[in-house]
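The following paragraphs lead the reader through one structure. They turn to charged pairs, to a helix packing and to a hairpin.

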Amino acid sequence: MRAFASVVPHVTRRTFSSANITRNATPVSDLVLERDAPHGHLPSFVRSHPALWASIKTQMPSAIATLGARFHLISPQITDEEYARRSALLRVACTHPSVLSVQQTASSLPMSLQERQQVRELQETIQHNAQLSTIGNSLLGLLTSEYFHLKYPHLPTRVLKAFVSAYAGPSTLADVGAELGVLAQGVQRWDRTGASSITRRTPRGGTTSVPLLSKDVAAQSVRAIVAVLFQELGMPAVRGFVHSHLLSRRLDLASLLKFRDPKRVLSSTCKKYGKPAPQSRMLAETGRLSIHPVFVVGVYSGAIQLGEGTGSSIRMAEFRAAEDALRRLYLSELPDGSFTLPSTTLDASFPGLGTLPHSLQRAVASTSSSSYVPQPLGRSEVLHESRG
């Protein structure tokens with residue numbers, strides 16, 4: 001035992017004092033449990049209605065500060081004024097409008113005056129993130145659509161909208177928000193009782209009412225935080241966030257291209273660009289007289305092969321070959337450094353209220369530009385079975 005104790009390194013114990021902490025800290029001796037009656041116990045409203053209390057209770061300062069650090073909004077270099085302003089904005093960005101109905105329900109409960117004074121959230125004027133999320137949604141649509149419009153110059157308008165929804169839609173924003181801690185404990189204020197609902201569009205163009213879920217709250221909070229980024233750090237920080245956390249994701253874009261009659265669309269496309277009419281040619285086949293035949297068909301425009309497809313019948317192979325040709329055309333992309341984004345010219349006009357952190361300065365310097373050379377306008381796209 002003595003030999004073992006001799007090889008164990010000596011552990012130095014350090015004593016930490018809270019006297020040096022001046023931001024969001026209170027000495028333990030000064031803590032007064034004003035809201036607890038009696039001391040050491042929760043108010044009766046909290047004990048009798050835990051779901052309502054979990055919905056309307058204010059956010060934890062440490063959780064808000066941690067979230068702000070992940071979004072580069074809070075750092076040790078900022079001033080106390082900036083810290084207070086950004087913390088207040090983050091609290092609003094993480095407050096869903098459904099909290100107002102919860103506060104109204106809690107205020108209508110029979111309670112004594114002393115019980116109401118113990119829960120100051122009942123008399124609070126709550127500010128929610130409805131306006132911030134609208135601004136953030138517009139910024140996300142702007143930065144995402146300009147990127148896909150320049151990177152995929154032959155992309156149809158409907159497919160471009162599908163790309164924007166896939167990369168900046170509610171599901172993606174909810175996943176990004178969950179990864180960055182938007183749903184962490186002590187961050188969100190929303191109706192956790194299940195009484196609130198939201199309206200969604202159905203595939204047929206109608207609307208339906210569905211219960212409010214945590215992923216809906218996370219998506220709206222991310223939109224609101226994007227608006228806070230735009231106000232505090234400017235357009236460069238918002239563009240850096242979109243490119244780093246949204247556009248860097250890998251999605252199967254080919255699955256978003258759906259064609260009813262790809263052979264006809266391909267014929268119209270070749271005619272629009274002045275190319276020879278497409279022709280299908282048999283490249284290979286096996287088992288024509290068997291139960292499981294396989295045909296390989298290639299579609300050509302003159303001597304150039306546009307696409308290739310396989311199938312158990314010749315018509316199926318021709319259909320898939322025309323689909324492959326259209327996907328090769330629409331998904332032909334340009335390298336990232338070969339085009340200039342229009343939003344880079346707005347960096348000087350929208351610099352933000354605060355200084356840009358060092359973690360973002362290098363990324364912004366590589367993408368900012370003072371001039372923009374627009375690309376030539378493309379020809380009108382082919383809209384099959386349309387009157388336009």
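In this predicted model, the side chains of Arg189 and Glu124 meet in a salt bridge, with 3.3 Å from N to O. Arg189 lies in the loop between α10 (170-179) and β1, and Glu124 in the loop between α7 (113-118) and α8 (130-151), so this pair ties together parts of the chain that are 65 residues apart in sequence. The two partners can also be described by their accessibility. Arg189 has a relative accessible area of 3% and is therefore buried, the limit for that class being under 20%. Glu124, at 28% relative accessibility, counts as partly exposed.

A further salt bridge joins Lys151 to Glu333, where the closest N and O atoms are 3.1 Å apart. This pair links distant parts of the chain, with Lys151 in helix α8 and Glu333 in the loop between α14 (314-330) and α15 (358-367), 182 residues apart. Lys151 counts as buried because its relative accessibility is 8%, whereas Glu333 is partly exposed, with a relative accessible area of 47%.

How many salt bridges does the model contain by the rule applied here? The count comes to 10. One of them is formed by Arg85 and Glu232, whose closest N and O atoms are 2.9 Å apart. Arg85 belongs to helix α5 (residues 80-93) and Glu232 to helix α11 (residues 214-233), so the salt bridge ties together parts that are 147 residues apart in sequence. Is Glu232 buried or exposed? Glu232 is buried, its relative accessible area being 0%. Arg85, by contrast, is partly exposed, with a value of 25%.

The surroundings of Glu232 can be followed further. Arg85, Arg86 and Glu232 are linked in a network of salt bridges. The side chain of Glu232 makes a polar contact of 2.9 Å with the side chain of Arg85, and a polar contact of 3.3 Å joins the side chains of Glu232 and Gln231. When residues up to four places away in sequence are not counted, Glu232 touches Leu73, Arg85, Arg86, Leu89, Gly352, Leu353 and Gly354.

Helix α11, which holds Glu232, also takes part in a helix packing. The axes of α11 and helix α12 (residues 235-245) are 6 Å apart and make an angle of about 145°. On the α11 side, the residues that meet α12 are Val222, Val226, Leu229, Phe230 and Leu233. Their counterparts in α12 are Met235, Pro236, Ala237, Val238 and Phe241. By class, the contact of α11 with α12 has 10 nonpolar residues, no polar residues and no charged residues.

The last part of this account concerns two strands. Strand β1 (residues 197-201) pairs with strand β2 (residues 207-211) in the antiparallel sense, over five bridges. Which residue in β2 is the bridge partner of Ser197? The partner is Pro211. Together β1 and β2 form a hairpin, with five residues between the strands. In the turn, Gly205 has a positive phi of about 100°.

Definitions and conventions
Residues numbered from 1 in each chain as written. Predicted model: local features only at pLDDT ≥ 70, side-chain atom pairs only at ≥ 80, totals over all residues. Heavy atoms only, no water. Pairing = 2+ DSSP bridges. Helix = DSSP H or I, 4+ residues; strand = E, 2+ residues; numbered from the N terminus. Salt bridge = Lys/Arg side-chain N within 4 Å of Asp/Glu carboxyl O. Buried < 20%, exposed > 50% of the residue type's maximum accessible area, 1.4 Å probe, protein only. Polar contact = N/O pair within 3.5 Å; in protein donor to acceptor, adjacent residues only side chain to side chain. Contact = heavy atoms within 4.5 Å. Axes fitted to C-alpha atoms, helices over the stretch in contact; angles between N-to-C directions. Nonpolar A, V, L, I, M, F, W, Y, C, P; charged D, E, K, R; others polar.
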